[in-house]
Amino acid sequence: MERKLSILIGWITFAISFIVYYLTLEPTISFWDCSEFITCASKLEVGHAPGAPLFMFLGRVFSLFAGNDTSKVAFMVNLLSAVVSAFTIMFLFWTIEWFGKKLVFKLNNESHIYSIYILISSFIGALSFAFTDTFWFSAVEGEVYATSSFFNAIVFWAILKWESHADNQKSDKWILLIFFLMGLSIGVHLLNLLAIPAIVMVYYFKRYQSSTKGIIKALISSFVILVILVFVLVPGVVKIAAYFDLLFVNQFKLPFYSGVIFYLILLSLIIVFLIWYSVKHKKQLLNTIILSLTVFLLGYSSYASLVIRSLSNPYIDITNVENIFGLVDYLNREQYGKRPLIYGNNYNSPITESIDRSSYKPFGNKYERKELNPKYIFDERTETLFPRMASLTDGHESEYKRWVNIKGKPIKLTDRNGNEKTIKVPTLADNVAFFIKYQLGHMYFRYFMWNFSGRQNNVQGFGELMNGNWISGISFIDEMRLGPQDNIPERFANNPARNRYFMLPLIFGLIGLIYQYKKDRQGFFVTFLFYFFAGIAIVFYLNEIPITPRERDYVYIGSFYAFSIWIGLSVMAVIDLLNQKNKYIHFFVLLAMILLPVNLIHENWDDHDRSGRYTARDFSFNVLNSCEKNAILFTSADNDSYPLWYAQEVEGYRRDVRAVLSEFLPVDWYINQLGNDYPEMGIIPISFDDKDFLNGKRLYVPILDRVEGSVNLKEIIDFVRSDNPKTKLTNYDTSKIDYIPAQNFSIPVNKENFIKSCTSFKYDVNDIPNKINLKFKANNLFRNDLLILDIILNNEWKRPIYFLNPSDLKKYGLDKYIHREGLAYRLLPFENDGSNEVNLISNTDYQYNKFMNEFSWGGVDDNDVMLDWTNVRIVSTMRIREQFNYVARNLITEGENAMAIEMLNKCIELLPKEKVPYGFNLPGIIESYYLAGEKDKATELFEIFRNSIEIELEYFKRFEENQMHGLSNEIRMNLYLLQQLERIKFVNDEHEYKKLLMSDLNMYYGYFYKLLN
């Protein structure tokens, strides 16, 4: 009966959590990697390293339920996350139940009522985790972390099932299942392998008599297994195959993959022999080990699908893993670089030498070497144990110093010019301080407290007081850390992610932790290992840099899962405590503790409800719709590229546009893919090919002014591509490098092609020049620069060319020839008036129609649709308010004030301050209202914005002086905006400005600048 009840309640937890996830599921793509994963799953394409082939398979299966409605594909892949997340909660329920039974056994109390208490405890603990901030976030989007959590849950549950049946002769089938699931899980994410230490300890406690020496040996064994799987077996199996292939192809002159096939046959024979040997000689342990490794490799073999799919040349084929060395580099994440873990450099360690690293790639009928990121050798006097401050990226040094008062040790160095200088290198103590304060405190325990104490808001935090911190909801606790908690300005107080749990999940989790520690040391040790390796160990491994592109809480879901086990056990602790006093109040205690998950779902619903939100999809549609037919569109990053891939590949929207991701341009495999003729998209015209960049050639090209006058860009490209020694410079190490011999250059304009390709832009045919004259404004160009210029040259104005981020064009002088169309910038052979953004717009009526009639906005203006900070930030980075204003300003210049006011009104309605807070973009809109003659609206907005600024500044005045450094960005922003408002009022309404001067606004400048400076 108890078993049936356990199964029933387990499925009830599944149903409750699934219903919640289903109701809050995102109906389409979201930003960051979700749109890439959904696209790759839909068509089984190859996403970014290190890949997730099993997730792609599962996503593909779910996408089939969309039928012929491609707009439902994203929803179905998101549904995969909801389903596996609900299963995760179900397995967590049974896991907590197992630990609860262990506690009851230790208490020598096997009464029926305790069985009910265990089930209720498990129910409360499981649902508490179901509605935590991080897990719920992953449960409603098409990312890998929900599926990874599912594998964590089922593997951990499986070892507990093994423990329950360990005395059975066939119990080892559970061990084999665990290793098979782990092999499969690598095809989702490597995080699952971090459960190994906890699994080993369950095995040890069941099979052996516990002792301190035995526990230490078991721990060491678990760590060795983890290291072997992660650092040896996973990459090593493929790497050995690659070198077999190198031998067979380059030495034996056999076809590609002949060595791989021979290796697989050999490996299979060795496995078969070892299994036969272990059975014949009755070596059960050896048999279990070999079978475990075999099923692990079978699960891991999902990666073979990446090679198969890559061979078919899909549109998304990152790193082109169709060759075995490509797969090796892919698994090793070679494109990302590595940071030291145990011993290595600090941020200011001088590089004394760089050692070339290489891999291989097919070229012709053999493998040729290709360069990888070099290995840098640093001055050994500046290296340290436990290097946590190792990033060499510009700007990170100041961030390290912001987090830690670095004492350092002085090291005397001699630079290349023979001059002596002294630098202060961080010590071990400095690195430990950064680890504790930033990596543990800010990048782990802050996330931990988000889930079990409360969250300030969903704005990414960089250590300031007003954004991204944890809160408790208990005023005096929060005031000690974050300043006054009453009368908080609405921009902060009304953030949907301001969640208060009053530390109850944390308190109950700690109660459960202490209770398990006292009553069941072995169970506590297993749970703690799971928590530690899924949390603290990852902090150590990631060695996070001080500026990350987004919050990283999703990485630590496993540790939050483990802590929720203790939340469930806390119910048992309270019942056990009360049992000695008054057993009749148990029911009321259980009822009160059920309010724990109820409070979590109540607080978290509004900021996790993504239903009705289509912003990522619609913004990608708008970007594509900004381009004229058959355009080439240069993108630059994840959030402007991945949604476009989805729009074109899944929903088939505007496939005539060929997107080029500038970030990939320096890489040889992407250069080759530019020449692929994808349906409807066509090819990218280019003269360079991958052999031009083999073995590190043309990583960068210096620019010299050796030729008078202007040189045709084609001559420059031909000069750089040439292998003639006369076109090379001799480097300081006697090596030869390519260079550009002229600063002034020109790009011919094919008038016939341009006229055919340009139908949306108004121009006089007689104004089309024969060429555009440019000048390099940099000392050198990198590969991506060469390729952008080469594409522009070889396009010959046949296809319209657009850029989403034209900032890099200044180095070529091309910024004079870009014109805004919709949300993109178009390259045209006409100079713009580059004095400001407004003057980049030439076709005002065309722009007006786009923004007012054609673009869709994904529910941004719908009060029922939740915009998280990523969406708000995308509105800011795409400068939607500014772009409305630029068009309106042009309309005003052309005398179309009524149309301008329409645009400004739509902008204010589309992006209300409650959804997208006012900021740097609003003063320009207020000024446009004045210029259009709409003084009343301008004054209304002026007063609203000014009042909100004053409220915030008055609030900031209540902080202690020593807290001002944590408010500096907010204060400076408000003071700047106040200054802009005063300027606008002075220019447009002098009478009101004189009244304003009589107020105390200037007091803010004196008050805050004194404190901040």
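This is a short tour of one structure, with something to select at each stop. Keep in mind that the model is predicted.

**Stop 1: the core**

Start with Tyr 21, Leu 814 and Phe 956. Among the 316 residues of the largest nonpolar core, these three touch the most other members. Now select residues 73–106, which form helix α4. That helix gives this core its largest share, 22 residues. Here's the general idea to carry along: in soluble globular proteins, nonpolar side chains tend to be buried together.

Go back to Tyr 21 and zoom in. Which residues beyond its neighbours within four places in sequence is Tyr 21 in contact with? Show Ala 82, Ser 85, Ala 86 and Ile 89, then add Ala 130, Phe 135, Trp 136, Ala 139 and Val 140, and you have the list.

**Stop 2: two helices crossing**

Next, pick residues 428–452 for helix α16 and 504–519 for helix α19. Their axes come within 7 Å and cross at roughly 100°, which means α16 is roughly perpendicular to α19. To see where they meet, turn on the side chains of Phe 448, Met 449 and Phe 452 in α16, plus Leu 504, Pro 505 and Leu 506 in α19. What classes of residue make up this contact? You'll find 6 nonpolar, no polar and no charged residues.

**Stop 3: a sheet**

Time for some strands. Look for an open sheet of 5 strands, in the order β10-β9-β18-β20-β19, where the pairing is mixed. Which strands stand at the edges? Select 658–661 for β10 and 818–821 for β19: each has a single partner strand, so one side of each is left without a neighbour in the sheet. From one strand to the next, the twist averages 30°.

Inside the sheet, choose β18 (residues 801–803) and β20 (residues 824–827), an antiparallel pair joined by 2 bridges. Click Phe 803 and you'll see Tyr 825 of β20 standing opposite. Then add helix α25, residues 638–649, which lies across β9 (632–635) and β10 and runs at about 140° to β9.

**Stop 4: another helix pair**

Finish with helix α32 (residues 880–893) and helix α33 (residues 897–910). Their axes come within 8 Å and cross at roughly 170°, so α32 is roughly antiparallel to α33. On α32, the contact includes Phe 884, Val 887 and Leu 891; on α33, look for Met 899, Met 903 and Leu 910, among others. The residues of this contact split into 11 nonpolar, 2 polar and 2 charged.

Key. Residues numbered from 1 in each chain as written. Predicted model: local features only at pLDDT ≥ 70, side-chain atom pairs only at ≥ 80, totals over all residues. Heavy atoms only, no water. Core = buried A, V, L, I, M, F, W, Y, C linked by side-chain atoms within 4.5 Å. Buried < 20%, exposed > 50% of the residue type's maximum accessible area, 1.4 Å probe, protein only. Helix = DSSP H or I, 4+ residues; strand = E, 2+ residues; numbered from the N terminus. Contact = heavy atoms within 4.5 Å. Axes fitted to C-alpha atoms, helices over the stretch in contact; angles between N-to-C directions. Parallel < 35°, antiparallel > 145°, perpendicular 65-115°, else oblique. Nonpolar A, V, L, I, M, F, W, Y, C, P; charged D, E, K, R; others polar. Pairing = 2+ DSSP bridges.
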